[in-house]
Amino acid sequence: MHRLMHRHLGKLVAGAALALTGTAAMAAITLPAGAGATGPAGGRPAAAGASAAGRDPGQPPPAVVEKARAQGARGRGRDPLTDDELRRARDLALPRAPRAAARDVTGRPGPEPLTTDLAEPDPSEAGAAEPPRRAVVSFYDYRGDGYVRTTVNLTTSKVEATDVQHGVQPPPGHDEAVEAARLLIAAPLGAGLRQDYRDATGRDLTGPEPLTVTGFVYRGRAEGAAPGALAACGEHRCVRLFTQVTGGRWIDTRRFVIDLSARTVSRLG
């Protein structure tokens with residue numbers, strides 16, 4: 001089967017995506033040493049009257065890095081959510097029904113956590129001296145393919161609203177991308193990825209740990225023609241991957257679609 005695969009090497013160029021290939025294709029990224037930096041050889045000469053430190057007096061002084069202030073248990077106003085608030089928000093937002101009613105990306109009980117963000121203030125509380133702090137927590141429930149968004153009031157520790165939508169596909173989280181890579185590596189269609197990894201490293205690829213992966217959603221028919229096996233994408237949670245050997249070469253896996261809901265792997269084109 002390997003002889004039937006035409007793998008093509010390519011290079012990433014600024015402003016252009018990797019060329020799509022029939023199988024996983026490696027692309028090396030090479031950055032010139034010191035790219036984007038100016039040193040003594042590349043910088044412009046110091047102007048007459050420059051300071052003893054070599055700084056042009058016409059330029060602003062160098063930035064000073066200040067020590068971050070200690071983080072409290074609770075923020076104020078539009079402060080970012082603190083670590084304690086993030087933990088409380090997720091705990092409050094977890095469904096009160098038995099956890100077995102929802103499933104995460106690996107099939108374990110409980111929904112798959114996605115994001116936790118500070119909620120927009122309620123206009124009716126604009127004049128309050130200390131308006132309540134709220135967070136919006138989002139999950140994906142693989143049991144029913146539902147996108148769940150829950151608003152919690154961190155001041156009163158109460159859930160104020162929960163919204164469940166179907167056919168809505170937010171960007172996948174890191175754990176979802178890793179699970180997609182695991183399924184691709186184990187699938188027959190992952191043979192090209194496994195071979196490219198061996199060509200690049202001399203080692204066998206048995207799991208996603210040596211890879212850096214980023215997932216992006218594939219919505220099936222909403223993006224054009226979808227093969228029969230991918231017709232459910234959009235309702236199902238389907239992703240494609242950018243894949244890199246950690247610290248090394250890129251391997252083009254974008255033609256592969258991993259249906260995380262059905263736990264299957266297909267190929268476009």
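Strands β5 (residues 146–153) and β6 run antiparallel and are joined by eight bridges. This is a predicted model, and the pairing described here is read from it. Two of the partnerships can be picked out by residue: V148 in β5 is matched with V164 in β6, and T150 has T162 of β6 as its bridge partner. The two strands make a hairpin with four residues between them. In that turn sits S157, whose phi is positive, at about 60 degrees.

The hairpin belongs to a wider arrangement. Four strands make up an open sheet, ordered β3-β4-β5-β6, with antiparallel pairing. At the edges are β3 (112–118) and β6 (158–166), each of which pairs on one side only. Going from one strand to the next, the twist averages 20 degrees. Helix α1 (residues 83–93) packs on this sheet and touches β3, β4 (134–141), β5 and β6. Relative to the direction of β4, that of α1 makes an angle of about 55 degrees. As for what holds such a sheet together, strands pair through backbone hydrogen bonds, in either a parallel or an antiparallel way.

It helps to step back to the whole chain. Its secondary structure comes to three helices and 11 strands. Read from the N terminus, the order of elements is β-β-α-β-β-β-β-α-α-β-β-β-β-β. Of the 269 residues, 34% are buried. Taking contacts between residues at least 6 apart in sequence, 53% join residues at least 24 apart. On confidence, pLDDT averages 80 over the chain, and 74% of the residues score at least 70. The start of the chain is another story: over residues 1–52 pLDDT stays under 50, and the model has 71 contacts beyond four places in sequence for that stretch.

Helix α2 (residues 174–186) has 13 residues, so at 1.5 Å a residue it should span 18 Å; the C-alpha atoms at its ends are 19 Å apart, which agrees. Its buried residues are E176, A177, E179, A180, A181, L183, L184 and I185. Two of these, E179 and L183, turn up again as contacts of R263.

Next comes the second hairpin, made by β10 and β11 with four residues between them. Four bridges join these two strands, which run antiparallel, and D259 stands opposite T264 in β11. On its other pairing, β10 goes with β8 in the antiparallel sense over two bridges, with C238 opposite D259. Both faces of β10 are covered, with F256 and I258 buried on one side and V257 and D259 buried on the other. That split follows the usual pattern, because side chains in a regular strand alternate between the two faces of the sheet.

R263 lies in the loop between β10 (256–259) and β11 (264–267), and in this turn R263 has a positive phi of about 60 degrees. Is R263 buried or exposed? The relative accessibility of R263 is 38%, so R263 counts as partly exposed. Apart from neighbours within four places in sequence, R263 is in contact with V105, T106, E179 and L183. One of these contacts can be pinned down further: the side chain of R263 reaches the backbone oxygen of V105 at 3.0 Å. The C-alpha atoms of R263 and G107 are 10.0 Å apart, although the two residues are separated by 156 residues along the chain.

Q244 is found in strand β8 (residues 238–245). With a relative accessible area of 17%, Q244 is under the 20% cut-off and therefore counts as buried. A polar atom of the Q244 side chain lies 3.0 Å from the backbone oxygen of G248. Beyond its neighbours within four places in sequence, Q244 is in contact with P210, L211, T212, R249 and W250.

Key:
Residues numbered from 1 in each chain as written. Heavy atoms only, no water. Buried < 20%, exposed > 50% of the residue type's maximum accessible area, 1.4 Å probe, protein only. Contact = heavy atoms within 4.5 Å. Polar contact = N/O pair within 3.5 Å; in protein donor to acceptor, adjacent residues only side chain to side chain. Pairing = 2+ DSSP bridges. Axes fitted to C-alpha atoms, helices over the stretch in contact; angles between N-to-C directions. pLDDT = per-residue confidence, 0-100. Expected span 1.5 Å × (residues − 1).
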